[in-house]
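Me: I have a structure open and would like to go through it with you. Could you take my questions as they come?

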Amino acid sequence: MNHKKYLKLALVGFVLFSATALLSSCNDDKNKTEDTDEEPVDAAKDNIVSVNGELFSIPSPLQSSMLLKSSGANYAKDILNLTSHLPSYSTEYKKALNLGVYGADLGYVIIYGQTQDALGYLNASKRLADDINVSGAFDASLMKRFEKNMGNNDSLLSIFTSGYRATDSYLKNNDRNAVSGMVITGGWIESLYFTLNILKKDFKNKQVVVQRVGEQKNTLDHVIKLLTPFYQNPEMTELTELTDALLELYHEFEDIEVKYTFVKPTTDVANKTTTINSKTEVKINEEQLKNITEKLNAIRQMIIN
Amino acid sequence: MIRKFTIALALIAALVSFGNKATAQCDTVANACVRHMTNKYISDGQHYRALLLDKEIAEFQSTFYGGTTYRIAACSGLGDGNLVFRIFDKDRNLLFDNSEQQNASYWDFKFISTLDCVIEAQIIPGKAPSGCAVMMISFKQ
């Protein structure tokens, strides 16, 4: 047989394979419906697709820094992770988590306009991103733009968050979801760490920051679920330990009272803005705050040391 | 034997090519979508995408902090208006539906209080049978 006939057969094979895959997916959905208990079929539910294979997004660590600054808390460099710890991060686990940690620290430093400290954290982030083979997220062009815009906080924020989004995008496109989860988890742990420890210092509007700690209950639940797919992976024992520690931390949040009241949103069409008027009230007491701080501090020590 | 090997190779190449094309398509959509995020908005540093076929709905959960204005952009294809997106609270009360706003590709949300929400996105039937849905979340400085 000649090559043209081989190619024809290959094309027919591909079409047949694709058709089979599509039909098979339809049949799987049908079987799922037949296997469930006598619940009415919810066509919308059957069509749900998770985004990136995940179902959650985690708020940016920058938002905690912005809240601390607007609440009157002073810049506290002593609470940040030292860049001198960088050489000790030798495993992908430590590198990915601390890429998130240094990212949170970098955001904090920029929000407070401490640009003299920013370059050190950006260099640390770049080094870790390169070490975990995130090709090009913190490339020479980004580094140059950052240096060129020192003193312009808005530009610095835009530049560095684009580096982190590129990191996340690269990891998810290449199915490195465990590493993506670790970066996000590291950032969340660090942002909660500096929130809890800055609360020990004096500043004017502490109550709103305390409320923000209580609001982390659901986010922590999502962080745990983000890491759960890798929980029993024998090659990721450290990640399993971290997940166990986060589950222990979650116990401290369980008794925090959260009261939600729906209020109809209002829309300003001209400005393409909808105001979400619904209310959430969080009640967190001193004892709960103390326990959360102790457990979170221990987790943070585990990942930065 | 050689014939079977060639057929298998062609099938694998076709599947890999399809996978790479899907990622490239998503990157193209993301590059087009990012123009809705002006300098006033800071990215949340995460990347949200889903490949949707026919009537599939992409869904994920997000927490939005009180006292913050967010911009959510949802895109598919290179043009605007190809995606319907809806936001619900955790009790499935509808907070926003862009189909009531000419399928706007982005919208701003001012949260008075911190809320856990569910975001759904679906390609508009007739606009395209399938494709990459990209979502972006940013917050105002």
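Reply: The chat below goes through the chains, the core, some helix packing and a few single residues.

Me: What kind of model is this, and how are things numbered?
Reply: This is a predicted model, in which local features need pLDDT of at least 70, side-chain atom pairs count only at pLDDT 80 or more, and totals for chains, interfaces and linings use all residues. Residues are numbered from 1 along each chain as its sequence is written, while chains are lettered from A and ligands numbered from 1 in the order in which they are written.

Me: How many helices and strands are there in chain A?
Reply: Chain A has 12 helices and 5 strands. Helices (H or I, at least four residues) and strands (E, at least two) are DSSP runs, numbered from the N terminus.

Me: And what is the secondary structure of chain B?
Reply: Chain B has 1 helix and 9 strands. Their order from the N terminus is α-β-β-β-β-β-β-β-β-β.

Me: What percentage of each chain is buried?
Reply: For chain A, 39% of the 305 residues are buried; for chain B, 43% of the 141 residues are. A residue counts as buried if 20 or more other C-beta atoms lie within 10 Å of its own, as exposed if 12 or fewer do, and as partly exposed in between, with C-beta atoms placed from the backbone.

Me: Which residues have the most contacts inside the largest nonpolar core?
Reply: They are A:Phe160, B:Ala74, B:Ala121, B:Ala133, B:Val134 and B:Met135, in a core of 108 residues. Helix α4 (residues 92-111) of chain A gives the largest share of this core, 12 residues. A nonpolar core is a set of buried Ala, Val, Leu, Ile, Met, Phe, Trp, Tyr and Cys residues joined through C-beta atoms within 7 Å.

Me: At what angle do α4(A) and α8(A) cross?
Reply: The axes of α4(A) and helix α8 (residues 177-198) of chain A cross at roughly 45 degrees and come within 7 Å. Axes here are lines fitted to C-alpha atoms, for helices over the stretch in contact, and angles run from 0 to 180 degrees between N-to-C directions. The two helices, α4(A) and α8(A), are therefore oblique to each other. Angles under 35 degrees count as roughly parallel, over 145 as roughly antiparallel, 65 to 115 as roughly perpendicular and the rest as oblique.

Me: Which residues meet there?
Reply: Among them are A:Leu97, A:Asn98 and Val101 of chain A in α4(A), and A:Val183, A:Gly186 and A:Gly187 in α8(A). The residues of this contact divide into 12 nonpolar, 7 polar and 3 charged. In that division Ala, Val, Leu, Ile, Met, Phe, Trp, Tyr, Cys and Pro are nonpolar, Asp, Glu, Lys and Arg are charged, and the others, Gly among them, are polar.

Me: Back to A:Asn98. Is it buried or exposed?
Reply: A:Asn98 is buried, with 26 other C-beta atoms within 10 Å. Apart from neighbours within four places in sequence, A:Asn98 is in contact with A:Tyr89, A:Leu128, A:Gly186, A:Ile303 and A:Ile304. Two residues are in contact if their C-beta atoms, placed from the backbone, lie within 7 Å.

Me: How do α6(A) and α7(A) pack?
Reply: Helix α6 (residues 140-148) and helix α7 (residues 153-173) of chain A pack at an angle of about 160 degrees, with their axes 9 Å apart. That makes α6(A) roughly antiparallel to α7(A). In the contact, A:Leu142, A:Arg145 and A:Phe146 of α6(A) meet A:Leu156, A:Ile159, A:Phe160 and A:Gly163 of α7(A).

Me: Where is A:Leu67, and what is it in contact with?
Reply: A:Leu67 is in helix α3 of chain A and is buried, with 22 other C-beta atoms within 10 Å. Leaving aside neighbours within four places in sequence, A:Leu67 is in contact with A:Val208, A:Val209 and A:Arg212. Both A:Val209 and A:Arg212 are among the buried residues of helix α9 (residues 206-214) of chain A.

Me: Which phi values are positive in residues other than glycine?
Reply: One of them is that of A:Lys272, near 50 degrees, and another is that of B:Arg92, near 65 degrees. A:Lys272 is in the loop between β3 (266-268) and β4 (273-276) of chain A and is partly exposed, with 14 other C-beta atoms within 10 Å. B:Arg92 lies in the loop between β5 (83-89) and β6 (94-97) of chain B and is exposed, with 7 other C-beta atoms within 10 Å.
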